[in-house]
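Trainee: Got a minute to go through this one with me? I'd like to ask a few things about it.

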Amino acid sequence: MPPHPPVIVHPPSPGGGRRVTINGRIAGLAHGRGELAELLRRGLGSRDEVIDLLDGDLIEWRGGGVDDWPPP
């Protein structure tokens, strides 16, 4: 079985947003791509690096993909 990606974007919550975990720790709640990218930059320590939100080795999307964000 391949290793689990370090980032999991959980299914959309009824109240809006998606919980994000990095290496098993809750990084926060993102309400869109911009907030997700900021959580990843802080949580992965890659402030100057562009993060590919479609990188399957980095991110596992559950309950929808990169374009599935519930309304606020």
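Here is a short chat about strands, a histidine and the core.

Mentor: This is a predicted model, where local features need pLDDT of at least 70, side-chain atom pairs count only at pLDDT 80 or more, and totals for chains, interfaces and linings use all residues. Residues are numbered from 1 along each chain as its sequence is written, and side-chain values use heavy atoms, with hydrogens and water left out.

Trainee: Is His-10 buried or exposed?

Mentor: His-10 sits in strand 1, residues 7-12; strands are DSSP runs of E, at least two residues, and helices are runs of H or I, at least four, both numbered from the N terminus. Buried means under 20% relative accessible area, exposed over 50%, partly exposed in between (1.4 Å probe, protein chains only). At 11% relative accessibility, His-10 is therefore buried.

Trainee: How many bridges join strand 2 to strand 3?

Mentor: Two strands pair if DSSP finds at least two bridges between them. Strand 3 covers residues 25-30 and runs antiparallel to strand 2, with Thr-21 opposite Ile-26. The count for strand 2 and strand 3 is five bridges.

Trainee: Which element gives the largest share of the largest nonpolar core?

Mentor: A nonpolar core is a set of buried Ala, Val, Leu, Ile, Met, Phe, Trp, Tyr and Cys residues joined through side-chain atoms within 4.5 Å. The largest one has 14 residues, and Val-7, Val-20 and Ile-59 are among those touching the most other members. Strand 1, strand 2 (18-22) and helix 1 (33-44) each give two or more residues. The largest share, three residues, comes from helix 1.
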